[in-house]
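User: Hi! I'm new to reading protein models and would love some help with this one. Could we go through it together?

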Amino acid sequence: MTNILLSLQAAAAQADSQLPEFTTVTAPAEAHLNVLDLAFKGGWIMVVLLVLSLMAAYIFIQRLLVIRRAGKEDQNFMNRIKDYIHEGKIDSALALCRQTDTPSARMIEKGISRLGRPMNDVLVAIENVGNLEIAKLEKGFPLIATTAAGAPMLGFLGTVTGMVRAFFDMANAGSNVDVTLLSSGIYEALVTTVAGLVVGIITLFAYNYLVSQVDNVVNKMEARIMEFMDLLNEPAN
């Protein structure tokens, strides 16, 4: 009986030794798209786009605050100016204009300071101040417009330089060309294009929004000028 058990154990051990060995296959790690890594692969053009976008963002926020502050007006401002002028209190009218920090108030202040002169001279003086006020509101607009137009062009420049780099690496590799060799140049070409378009589109919308806000302020300024000129043209009681 013992011999039979020993024979079975030996046969089992021999069978185990003849079984094929299985190796554990590990699935490749899933790659994740990292925006920061892509930005670094864009090359030096990404630095230029970053600087332009930061400058445009700063100007947009700063101009938006200035324009909104310029558009806020006291609804009773013109009524008080009218009362002061009718009562002959020119100094009080000028003091009210100086206290009201708006483009319309500064324009009317200039008009009041020209009282007694021909109406055409008064209107020209007011318009000159209005042009200066509009120029103040639009300060920095050229940089935003340049960024909106230039960012996509810089992106396309990165596309060209990236493809040149890819073909240069391919030419130097000879017959040992593979996808890994070309990936850096293709990354640069595509990433800069996307970044340039994103910066350009956002900046364009921001620029047009600021222009619309300035137009609203200009409309208010024109309305105040018309009220003031009508006030001067009213017949004396």
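Analyst: Happy to help; what follows is a set of questions and answers about this predicted model.

User: Let's start on the surface. Which helix supplies the largest share of the nonpolar patch?

Analyst: The patch is made by Met153, Phe156, Leu197, Ile201 and Phe205, and covers about 530 Å². Helices α8 (141-173) and α9 (179-233) each supply at least two of its residues. The largest share, three residues, comes from α9.

User: Is Ile201 buried, partly exposed or exposed?

Analyst: Ile201 sits in helix α9. Buried would need a relative accessible area under 20%, and exposed one over 50%. The value for Ile201 is 46%, so this residue is partly exposed.

User: And Arg224: buried or exposed?

Analyst: Arg224 also has its place in helix α9. Leaving aside neighbours within four places in sequence, Arg224 is in contact with Glu73, Met78, Ser104 and Ile108. Its relative accessible area is 17%, and the limit for buried is under 20%, so Arg224 is buried.

User: Now for the charged side chains. How far apart are the N and O atoms in the salt bridge of Arg106 and Asp101?

Analyst: The count for this model comes to six salt bridges, and the side chains of Arg106 and Asp101 form one of them. Asp101 is exposed at 55% relative accessibility, while Arg106 is partly exposed at 27%. From N to O, the distance in this salt bridge is 2.5 Å.

User: How many residues apart in sequence are Glu133 and Arg106?

Analyst: Glu133 forms a salt bridge with Arg106, with the closest N and O atoms 2.8 Å apart. Glu133 lies in helix α7 (residues 119-137) and Arg106 in helix α6 (residues 103-113), so the salt bridge ties together parts of the chain whose separation in sequence is 27 residues.

User: Which residues are joined into one network by salt bridges that share partners?

Analyst: Another salt bridge, 3.8 Å from N to O, brings together the side chains of Lys136 and Glu133. These two are three residues apart in helix α7, which means a separation of about one helical turn. Glu133 is buried at 4% relative accessible area, whereas Lys136 is exposed at 52%. Through shared partners, salt bridges make one network of Asp101, Arg106, Glu133 and Lys136.

User: Let's look at the rings. Is the pair of Phe60 and Tyr209 stacked, tilted or edge-to-face?

Analyst: The whole structure has two aromatic pairs. In the pair of Phe60 and Tyr209, the ring centres are 6.4 Å apart and the planes meet at 50°. Stacked needs planes under 30 degrees apart and edge-to-face over 60, so with its 50° this pair is tilted.

User: Where in the chain are Phe60 and Tyr209, and how many residues apart are they?

Analyst: Phe60 is partly exposed at 22% relative accessibility, and Tyr209 is partly exposed at 34%. Phe60 belongs to helix α3 (residues 44-71) and Tyr209 to helix α9, so the pair links distant parts of the chain, and the two residues are apart by 149 residues.

User: Last one: what is the angle between the planes of Phe141 and Tyr207?

Analyst: Phe141 and Tyr207 form an edge-to-face pair, 5.9 Å centre to centre, with 70° between the planes. Phe141 lies in helix α8 and Tyr207 in helix α9, so the pair ties together parts 66 residues apart in sequence. Phe141 is buried at 6% relative accessibility, while Tyr207 is partly exposed at 24%. The angle asked for is 70°.

Terms used:
Residues numbered from 1 in each chain as written. Predicted model: local features only at pLDDT ≥ 70, side-chain atom pairs only at ≥ 80, totals over all residues. Heavy atoms only, no water. Patch = residues over 30% accessible without salt bridge, like charges linked within 9 Å, V, L, I, M, F, W, Y side chains within 5 Å. Areas by Shrake-Rupley, 256 points an atom, 1.4 Å probe, with all protein chains shown as cover. Salt bridge = Lys/Arg side-chain N within 4 Å of Asp/Glu carboxyl O. Helix = DSSP H or I, 4+ residues; strand = E, 2+ residues; numbered from the N terminus. Buried < 20%, exposed > 50% of the residue type's maximum accessible area, 1.4 Å probe, protein only. Contact = heavy atoms within 4.5 Å. Phe/Tyr/Trp six-rings, centres within 6.5 Å; stacked < 30°, edge-to-face > 60°.
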